Amino acid sequence: MRSIDRRDDAIGAQLVIGFGAIAALGVCSCVALMLLLARVGGSLDDVRADAQAAREALSIALSVREHYQHEAHTVIAGDDHEMHSHASWLVRLQERARRLRPSVPPEEQARLDELVRESEALDRAFREEVMPAAMGGDAEGLRAAHAGAQAHTHRAVRAADAVVASLERRMEARRARAEADTRLAMIAGSAGVATLLVLAIGFSLRLRRAILVPLSRLTEAARRLGAGEPSPPAGEVGVGELRIVGRAFDAMVEQLRERERALVRHERLAAGGQLAAGVAHESNNPIAVIRGYLETRIPEAR
């Protein structure tokens with residue numbers, strides 16, 4: 001800063017540096033806050049996506065349970081007219097699982113594949129084992145086929161529950177990250193505002209020392225000059241532009257004093273000339289009288 005103070009444009013340079021630093025810090029703070037807020041928004045979007053995926057996985061698990069209950073009702077009723085609905089259910093489940101797959105963590109996608117496989121096995125066991133035994137009156141075969149279908153159902157539901165738990169864990173982690181980012185954004189914003197305030201105060205105090213104090217000295221010197229009071233030179237007041245103004249003011253004062261001294265000398269010379277003219281005039285009067293008297297007495301003096 002000392003090197004800046006020695007420049008003739010020191011105050012202008014300080015203004016540029018001060019306002020530039022404040023503006024740069026403000027821009028950086030705004031950019032950082034925008035990035036943090038964008039990150040928070042992204043985390044919240046991820047949380048909503050995970051919540052939607054978890055609801056879909058729960059819905060698939062509920063669909064498997066409902067399908068198993070529907071199959072049990074079909075067996076009890078002994079009616080195979082709704083067999084086509086089982087095939088369409090499996091197609092829908094496979095499509096829903098395919099859409100859900102990108103939202104499932106990679107380490108849990110095997111669970112989703114297991115859910116689809118067990119659902120396919122459940123449907124196949126129902127069509128190829130359960131219904132033939134039920135329609136044929138094979139009670140022993142029906143119990144065995146039902147136990148196998150129930151095992152497929154349990155494994156499918158367990159796989160769906162594992163996918164849901166994984167999505168819930170990831171959703172909780174993302175929610176915690178969003179909260180941490182929010183706190184970080186609040187801290188960064190507060191720190192940015194506090195830093196801007198400190199810079200503004202420090203910059204204002206420095207400008208006050210660089211501008212207001214030297215201006216008060218120049219004002220006092222000008223007042224004393226206008227009142228005709230003797231005053232020492234303003235000297236090196238301030239830095240940069242004000243120092244140039246102080247030098248110009250001292251040069252102006254010196255010029256005024258030199259002109260005042262020259263004016264005094266001129267007035268003294270003028271007064272001396274007037275005095276000499278008056279003495280010469282007063283001396284000429286008696287000489288003229290004496291000359292006239294002599295002319296009356298001595299004709300040759302004419």
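A salt bridge is a side-chain nitrogen of Lys or Arg within 4 Å of a carboxyl oxygen of Asp or Glu. The exercises below use a predicted model.

**Exercise 1.** Decide which helices the salt bridge between Arg155 and Glu118 ties together, and state how buried or exposed each partner is.

Solution.
1. The closest N and O atoms of Arg155 and Glu118 are 3.3 Å apart, and the cut-off is 4 Å.
2. Arg155 belongs to helix α5 and Glu118 to helix α4, so the pair ties together parts that are 37 residues apart in sequence.
3. Arg155 is partly exposed, at 29% relative accessible area, while Glu118 is buried, at 12%.

**Exercise 2.** Find the salt bridges that Asp46 and Asp50 form with Arg177 and Arg170.

Solution.
1. Asp46 meets Arg177 at 3.8 Å, N to O. Arg177 lies in helix α5 and Asp46 in helix α2, so this pair ties together parts 131 residues apart in sequence.
2. Both partners are partly exposed: Arg177 has a relative accessible area of 35% and Asp46 one of 27%.
3. Asp50 pairs with Arg170, with the closest N and O atoms 2.7 Å apart. Here, too, a residue of α5, Arg170, is joined to one of α2, Asp50, and the separation in sequence is 120 residues.
4. Asp50 is buried at 2%, whereas Arg170 is partly exposed at 22%.
5. Asp50 and Arg170 also belong to a salt-bridge network with Arg174. The count for the model comes to 14 salt bridges.

**Exercise 3.** Explain why Cys28 and Cys30 form no disulfide.

Solution.
1. A disulfide needs two cysteine sulfur atoms within 2.5 Å.
2. The cysteine sulfur closest to that of Cys28 is in Cys30, 9.4 Å away, which is too far for a bond. Cys30 is likewise in no disulfide.
3. The count is therefore 0 disulfides.
4. Cys28 is exposed, at 52% relative accessibility, and Cys30 is partly exposed, at 45%.
5. Ser29, in contrast, is buried at 16%. Its C-alpha is 5.8 Å from that of Gly192, although the two are 163 residues apart in sequence.

**Exercise 4.** Identify which helix gives the most to the largest nonpolar core, and describe the contacts of Val64.

Solution.
1. The core has 29 residues, and Val64 is one of those that touch the most other members.
2. Helices α2, α3, α4 and α5 each supply at least two residues. Helix α5 gives the most, with 9 residues.
3. Leaving out residues up to four places away in sequence, Val64 touches several residues, including Trp89, Leu93, Leu115 and Val157.

Definitions and conventions: Residues are numbered from 1 along each chain as its sequence is written. This is a predicted model: local features need pLDDT of at least 70, side-chain atom pairs count only at pLDDT 80 or more; totals for chains, interfaces and linings use all residues. Side-chain values use heavy atoms; hydrogens and water are left out. Buried means under 20% relative accessible area, exposed over 50%, partly exposed in between (1.4 Å probe, protein chains only). A nonpolar core is a set of buried Ala, Val, Leu, Ile, Met, Phe, Trp, Tyr and Cys residues joined through side-chain atoms within 4.5 Å. Helices (H or I, at least four residues) and strands (E, at least two) are DSSP runs, numbered from the N terminus. Contact means heavy atoms within 4.5 Å.
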